[in-house]
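Please open the structure in a viewer and keep the sequence panel visible. The tour below proceeds by selections, each followed by a description of what is found there.

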Amino acid sequence: VACTAVRFPAKQDRFICIYPAFLNNKKTIAEGRRIPTSKAVENPTATEIQDVCSEVGLNLQLKRVQLTQEDGSLCLVQFPSCKSVMLYAAEIIPKLKRRTQKRGGGDQSLQQGEGSKKGKGKKKK
């Protein structure tokens, strides 16, 4: 059963934020990846995260997913934590129709954390 917050939106503290960098296997932990690279996905987009979360029945706003009901109970028992949703999204995103039809990168306009790290390395002498 999906969350019942369609007519009465839940308070914002019932939602979690999942940014594409959290699931990106091209990122380091320091750059924001939050799951193991073996389970992460290449260059996920916010739209892809939204697609997989809504398909499974999670209530969401772009980049925000509702985990718990007003009474504190879980919306979906298979997602007890933010990490469980991230691992699920990383597993399903590569199987999305748009990913299997075109093997290029995702929608570059919606990716987060893709800025360069110029000036953050060792200085050349």
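**First stop: a loop residue**

Begin by selecting asparagine 43, which lies in the loop between H1 and H2. Helices are DSSP runs of H or I with at least four residues, strands are runs of E with at least two, and both are numbered from the N terminus. The model is a predicted one, in which local features need pLDDT of at least 70 and side-chain atom pairs count only at pLDDT 80 or more, while totals for chains, interfaces and linings use all residues. Residues are numbered from 1 along each chain as its sequence is written, and side-chain values use heavy atoms, with hydrogens and water left out.

Asparagine 43 has a positive phi of about 45 degrees, although it is not a glycine. Most residues other than glycine have a negative phi. Asparagine 43 is also buried, with a relative accessible area of 15%. Here, buried means under 20% relative accessible area, exposed means over 50%, and partly exposed lies in between (1.4 Å probe, protein chains only).

**The whole chain**

Now display the entire chain as a cartoon. Four helices and three strands are present, and along the sequence they follow the pattern β-α-α-β-β-α-α. The chain has 125 residues, of which 40% count as buried. Switching to a surface view shows an exposed area of about 8,000 Å², with carbon and sulfur atoms supplying 51% of it; such areas come from the Shrake-Rupley method with a 1.4 Å probe, and for residues only the protein chains shown count as cover. Among contacts (heavy atoms within 4.5 Å) between residues at least 6 apart in sequence, 64% join residues at least 24 apart.

**Glutamate 48 and its partner**

Next, select glutamate 48, which is placed in helix H2 (residues 46–56). Is glutamate 48 buried or exposed? Glutamate 48 is buried, with a relative accessible area of 1%. Leaving aside neighbours within four places in sequence, its contacts are Asn43, Ile93, Leu96, Arg98 and Arg99; the list thus includes the asparagine of the opening stop.

Add arginine 99 to the selection. The side chains of glutamate 48 and arginine 99 meet in a salt bridge, at 2.7 Å from N to O. A salt bridge is a side-chain nitrogen of Lys or Arg within 4 Å of a carboxyl oxygen of Asp or Glu. The pair links distant parts of the chain, since glutamate 48 is in helix H2 and arginine 99 is in helix H4 (residues 97–101), 51 residues apart. Both glutamate 48 and arginine 99 are buried.

**Two further salt bridges**

How many salt bridges does a search of the whole structure find? The search finds three. Select arginine 98 and aspartate 51, whose closest N and O atoms are 2.8 Å apart in a salt bridge. Arginine 98 lies in helix H4 and aspartate 51 in helix H2, so this pair ties together parts that are 47 residues apart in sequence. Arginine 98 is partly exposed at 35% relative accessibility, and aspartate 51 is partly exposed at 25%.

Then select glutamate 91 and lysine 95, whose side chains meet in a salt bridge at 3.9 Å, N to O. Glutamate 91 is partly exposed, with a relative accessible area of 46%, whereas lysine 95 counts as exposed at 55%.

**The nonpolar core**

A nonpolar core is a set of buried Ala, Val, Leu, Ile, Met, Phe, Trp, Tyr and Cys residues joined through side-chain atoms within 4.5 Å. The largest one has 24 residues, and those with the most contacts inside it are Ile18, Leu23, Val52, Cys53, Val85 and Ile93. Helix H1 (20–23), H2 and helix H3 (82–92) are the elements that give two or more residues to this core. H3 gives the most, with six residues.

Select H3 to see its buried residues: Ser84, Val85, Met86, Tyr88, Ala89, Ala90 and Ile92. Their cover includes strand E1 (15–17), H1 and H2. From the H2 region, valine 52 is in contact with Tyr88, Ala89, Ile92, Ile93 and Leu96, leaving aside neighbours within four places in sequence.

**Last stop: the cysteines**

Finally, select the cysteines. The structure holds zero disulfides (pairs of cysteine sulfur atoms within 2.5 Å). For cysteine 17, the nearest cysteine sulfur is that of cysteine 82, 8.4 Å away. Cysteine 17 is partly exposed, with a relative accessible area of 27%. For cysteine 53, the nearest cysteine sulfur is again that of cysteine 82, 9.6 Å away. Cysteine 53 is buried, with a relative accessible area of 1%.
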